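Trainee: I'd like to learn how to read surface patches and pockets. Can you walk me through a case?

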Amino acid sequence: MFAIFDKYRQVFLTGLQSNIVYRFNFAVRGFFSLFHLAAVVILWSAASLGGSGGLGGFSLGQTITYFVTLLILQFFISAFNEDYQISEEIRNGLINQFLLKPINYFAYRFSIFVAARLVSGLVVIVPLLIALPVLREYLAFPHDYRVLLFGLPAMAMSAVIQFSIAYCFGLLSFWFLEIQGFVILSMALETLLGGQMFPLDLLPEWAYAIARCLPFYYQMYFPAAIFTGRLTDPTLIFQGYGIQAAWVIALLLVNQLLWSRGLRRHTAVGG
Amino acid sequence: MLNYAKIWSASARYSITRTLMFRGDFFVWSLVELFWMSVNILTITVIYEHTQSIAGWTKYQMVLLVGTSMLIQRFLMGFFWSSIFEMGRNIRSGNFDFYLAQPGNVMFMATTRKLDPDSLLNSLVAAAVVIYAARQLGLDPSAGQIALYALMVLCGVVIHYSILVLSISLAFWLTSAQGIEGLYFTLTEFSRLPRAAFTGIATQMLFVWLLPVVMITNVPASLLVQGFDLTLSAWLFGSALVWFAAAVFVFNRGLRRYTSASS
């Protein structure tokens with residue numbers, strides 16, 4: 001039983017090492033994100049001045065805090081280029097080696113993903129600390145330890161959803177030569193419905209109700225809303241957990257289906 | 001000049017033939033751009049549910065601004081984007097030799113080789129967004145104003161083109177110009193904001209004047225919304241010239257350093 005965990009623990013440790021090599025790239029990416037934050041601050045400050053002071057019942061500080069949280073979450077749980085890596089392994093035939101070994105490809109990839117996000121998540125803290133003197137006046141986190149208690153499970157499930165979606169796209173390489181188009185297409189949807197352009201609660205009620213049923217909501221927005229105190233009602237949070245768990249299961253099933261169907265089409269060439 | 005027009009039209013014919021070969025790809029990429037433009041428009045719509053103005057710009061004025069930014073970006077992507085980024089890869093791999101052997105200006109040859117018809121198609125959508133916003137605002141621009149708007153959009157394209165060529169030319173020195181794509185998209189975020197929103201001195205210096213990403217969209221859009229401003233238009237025209245000259249200079253300097261690669 002423990003042997004199984006040990007196997008993936010080793011994968012995780014190797015993933016950790018190989019991602020520490022890229023710490024500089026992650027840091028540069030983190031610094032670029034500060035530009036994005038600057039644009040966010042400029043836009044929302046102007047928008048809040050042009051309204052009656054608040055933005056959908058939240059202050060400017062709360063809105064900026066939301067975007068900062070989103071940025072941190074992005075480096076801790078979102079899929080970066082996992083889809084392309086998987087696609088490459090399928091196209092190059094590197095995947096063949098996993099078919100011969102007693103290793104589950106999803107678990108293998110997921111272990112590396114967790115390692116990679118641990119590294120990128122810790123690295124992004126550096127540029128944020130540097131920006132802290134400027135950012136501080138905008139930050140308004142809720143002073144309630146329960147947001148962490150409620151937020152962390154949501155964050156963990158979000159990571160699984162993030163990875164599963166990337167994994168699905170990677171597996172499409174069994175059918176398509178080029179997946180970039182699909183990835184960027186879905187990225188547009190994820191950006192909008194995952195709450196990266198604006199907090200989703202700013203949507204009109206009917207649109208928000210629809211968004212709450214979609215997986216994108218649980219990719220990013222759900223944990224961010226809990227952490228920043230936008231979503232406080234325990235009933236709604238537990239309802240959210242339920243829908244989120246349902247999406248996790250659904251996506252895992254789709255992954256399994258794509259994997260078994262895809263392998264039937266796969267031809268292992270060479271050695 | 002005529003000679004270059006012929007070369008360019010041959011490249012254009014080649015690109016269109018290529019697109020017709022990969023119709024599925026064309027369809028997916030057209031959708032990609034359409035989706036991203038919708039994301040930006042929807043964001044504005046949602047923000048204006050909660051505010052009346054952003055730095056003095058009303059909803060449809062803002063749509064016009066974002067439409068202008070899209071228009072410039074589509075033109076850049078349609079005419080130059082693929083070629084410029086391929087240039088970066090070619091400098092690294094040594095395939096750039098191919099352009100040196102061609103009978104024509106190297107910068108022209110290397111940056112105009114490929115067209116992206118999907119972006120050009122979407123530039124019509126961007127233009128439609130601008131026209132729609134202008135209609136909603138009840139604007140009735142004169143032919144002169146429209147011509148000036150087109151000229152300012154052209155200046156914007158020239159500035160973007162020059163900034164990109166300049167950054168990719170760094171590959172002559174650094175051999176790798178990766179990551180520039182990401183930085184470019186981050187910068188375009190600023191081009192969708194009104195100039196008056198930049199209240200900090202540092203951000204104003206950096207994004208409005210030094211890197212004119214904000215002016216590129218604000219000057220043509222204000223031209224339609226608030227009327228012609230000679231100083232600003234002249235400034236944009238001037239900076240297009242300066243940026244273009246800088247790009248030509250750096251590119252040619254880099255070219256001297258190009259050592260090819262043995263294989």
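**Patches and pockets**

Mentor: Sure, let's start on the surface. Leu118(A), Leu122(A), Ile125(A) and Leu129(A) make a nonpolar surface patch of about 350 Å². Keep in mind that this is a predicted model.

Trainee: Take Leu129(A): which helix is its place in?

Mentor: Leu129(A) sits in helix α6 of chain A, residues 105-135.

Trainee: And is Leu129(A) buried or exposed?

Mentor: The cut-off for exposed is over 50% relative accessible area. Leu129(A) has 53%, so it counts as exposed.

Trainee: Now pockets. What's the general idea?

Mentor: Roll a probe the size of a water molecule over the atoms, and you see where empty space is left. Here, the second largest pocket holds about 670 Å³ of space. It is lined by 26 residues, and the closest to its centre are Ala38(A), Val41(A), Ile42(A), Val134(A) and Thr203(B).

Trainee: Which elements give two or more residues to that lining?

Mentor: From chain A, α2 (23-50) and α6 do, and from chain B, α10 (201-210) does. The most comes from α2(A), with 10 residues.

Trainee: How does the lining of the second largest pocket divide into nonpolar, polar and charged residues?

Mentor: You get 21 nonpolar residues, four polar and one charged.

Trainee: One more for practice: is Ala3(A) buried or exposed?

Mentor: Ala3(A) is in helix α1 of chain A, residues 2-20. Its relative accessible area is 59%, so Ala3(A) is exposed.

Trainee: What separates the C-alpha atoms of Ala3(A) and Leu253(A)?

Mentor: Along the chain they are 250 residues apart, and in space their C-alpha atoms are separated by 25 Å.

How values were computed
Residues are numbered from 1 along each chain as its sequence is written. Chains are lettered from A and ligands numbered from 1 in the order in which they are written. This is a predicted model: local features need pLDDT of at least 70, side-chain atom pairs count only at pLDDT 80 or more; totals for chains, interfaces and linings use all residues. Side-chain values use heavy atoms; hydrogens and water are left out. Patches are made of residues with over 30% relative accessible area and no salt bridge: like charges are joined within 9 Å, nonpolar side chains (Val, Leu, Ile, Met, Phe, Trp, Tyr) within 5 Å. Accessible areas come from the Shrake-Rupley method with a 1.4 Å probe; for residues, only the protein chains shown count as cover. A salt bridge is a side-chain nitrogen of Lys or Arg within 4 Å of a carboxyl oxygen of Asp or Glu. Helices (H or I, at least four residues) and strands (E, at least two) are DSSP runs, numbered from the N terminus. Buried means under 20% relative accessible area, exposed over 50%, partly exposed in between (1.4 Å probe, protein chains only). On a 1 Å grid over the protein atoms alone, a cavity is a set of points where a 1.4 Å probe fits but cannot get out, and a pocket is an open set with protein on both sides within 12 Å along at least five of seven lines; lining residues have an atom within 4 Å of a point. Grid points are joined across faces, edges and corners, and a volume is the space filled by probe spheres set on the points. Ala, Val, Leu, Ile, Met, Phe, Trp, Tyr, Cys and Pro count as nonpolar, Asp, Glu, Lys and Arg as charged, and the others, Gly among them, as polar.
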